[in-house]
Amino acid sequence: MRVAIFTDETGWHTRQLQAALRARGAEGRCVDLEDCRIDTTAAWHGLVIPGFGDALPDAAIVRGIAGGSFEQVTKRLGVLHALRELGVAVYNDARAIERSVDKAMTSLLLHAAGIPTPPTWAMESAAQAQRLVTRESAAGRALVLKPLFGSQGKGLQRVGRVDGAHVPLPDLKDYGGLAYLQRFVPAVPGIATPGFDWRVLVIGGRAVTAMRRIGTTWIHNVKQGARVEPAVLDAALADLAERAAAALQMDYAGIDLLPTPEGPQVLEVNGVAAWQGLQKVTRFPIARALVDDLLDRKLAAAAGARRA
Ligand SMILES: Nc1ncnc2c1ncn2[C@@H]1O[C@H](COP(=O)(O)OP(=O)(O)O)[C@@H](O)[C@H]1O
Ligand SMILES: [Mg+2]
C-alpha cells in the first residue's frame, strides 16, 4: 500500500502521517503537486506522480497545496481530480477542497444546509459593496472583509461601524476585486474581549476533538498570536461541526465556530487543516485517526466507486 502525501512542505505533519501509515503497514511518500505532471505519452492514465513510476498511488492525502497562478493551481487541482476519476481515494477530495477554500461557496452551502453562520455577501461591484457597508454601518454593525481564499487570519479587516467610528470599504484590488463580507460577531457579553473561538476537528463524519483559541485581537488564529487550550466538545458543538463538514462533503475538516448568545455559529470550514496546535492540547491521536479513516472507510468507498 503506497500513499501519496501531497505537500509543498515536509515536517511535523508529514512525519506524523508517515508514522501512522507505517503503523498500518502502508508507506507514505511526500510529493509536491507542483512537480506532478500531465504527460499523455508517459502512461495509460496520463499522469506523472514523481516517486510512483508508471503506477498510481493506492491513496492520497492532501496536506498542502502551494499558492500559484490561476493556471498552476488549476493544474494542481486537476491532478487531484484526475486521481479521483481514476479511482484513487483522495483525502480530501479536490471537490471538497474547492468548496472549503472558496469562503463564499462555504457560506452558501452552510446557509443552504440551515447551519447557523453569520450573514455573508460576495460581490464584484465595489459600489454595491460600499452601499451595503454604509447600510450596515448606519444600523451600528461592522462587517469583516476577507480574502476569498484567505487563511491563518491574514488580510482580514473590519469595515462599517467599528468601535464607534465609520470605516469605509477599502480599495478591493488587494482582494482580487471581490468583496467577501461577513457580519462581524462581537465577543459574547461577559466574556473578556477579545474573546475566543473554537476549532473542532471532524474525521469521517464525527467530531473527535476541539480546542479554544483565545485571541490577542478579534482575530483568533494561532498565526495571529492566539493561545490554545483544550475545549470540552459538548453535544451542540459536535453536532454543528459534523453538520458543517457534511454540508461540504468533507472526509475530514477543521471547523471554526464563534460563540454567540444564541449558541455557536460556524465561520469557516478548513479542508486542508493543520493539527499541530490542536495535538498539543488533546490526547486524541489525530494522525492515526486520519489514516484509519482513510484506510478503513475512504478506501472502501473509492473501491466501490471503481466497481460501479
Ligand atoms: N464574522 C466574524 N465575526 C467575528 N470574528 C470573525 C469573523 N470572521 C472571522 N473572524 C475572526 O477571524 C478569524 C479568521 O477568520 P476565518 O474566517 O476563519 O479565516 P481564516 O481562513 O483566515 O482562518 C476567526 O477565527 C475569528 O476569530
Ligand atoms: Mg479560520
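**Exercise 1.** Which of the 22 residues around ligand 1 come nearest?

*Solution.* Keep in mind that this is a predicted model. Start from the 22 residues around ligand 1. Pick out those that come nearest: Gln182, Val185, Ile219, His220 and Glu268.

**Exercise 2.** Sort the shell around ligand 1 by class, then by origin.

*Solution.* Step one is class. Nine residues of the shell are nonpolar, seven are polar and six are charged. Step two is the domains. Domain 2 (120–183) gives at least three residues, and so does domain 3 (191–288). Step three is the strands. E8, E11, E15 (252–258) and E16 (265–270) each supply at least two residues of the shell.

**Exercise 3.** Take strand E8 (residues 142–146). Are its residues mostly buried or exposed? Which residues point each way?

*Solution.* Count first. A residue is buried if 20 or more other C-beta atoms lie within 10 Å of its own. In E8, five of five residues are buried, so the strand is mostly covered. Now split them by direction. Ala142, Val144 and Lys146 point one way. Leu143 and Leu145 point the other way. Both groups are buried.

**Exercise 4.** Find how E8 pairs with E9 and with E11, and name a residue that stands opposite in each case.

*Solution.* Begin with E9 (residues 157–162). E8 pairs with E9 in the antiparallel sense, over four bridges. Here Ala142 stands opposite Gly160. Go on to E11 (residues 179–183). The pairing of E8 with E11 is antiparallel and has four bridges. Here Val144 stands opposite Gln182 in E11. Gln182 also appears in Exercise 1, among the residues that come nearest to ligand 1.

Notes
Residues numbered from 1 in each chain as written. Chains lettered and ligands numbered in written order. Predicted model: local features only at pLDDT ≥ 70, side-chain atom pairs only at ≥ 80, totals over all residues. Buried ≥ 20, exposed ≤ 12 C-beta atoms within 10 Å, placed from the backbone. Pairing = 2+ DSSP bridges. Near = placed C-beta within 6 Å. Nonpolar A, V, L, I, M, F, W, Y, C, P; charged D, E, K, R; others polar. Domains from an automatic or database assignment.
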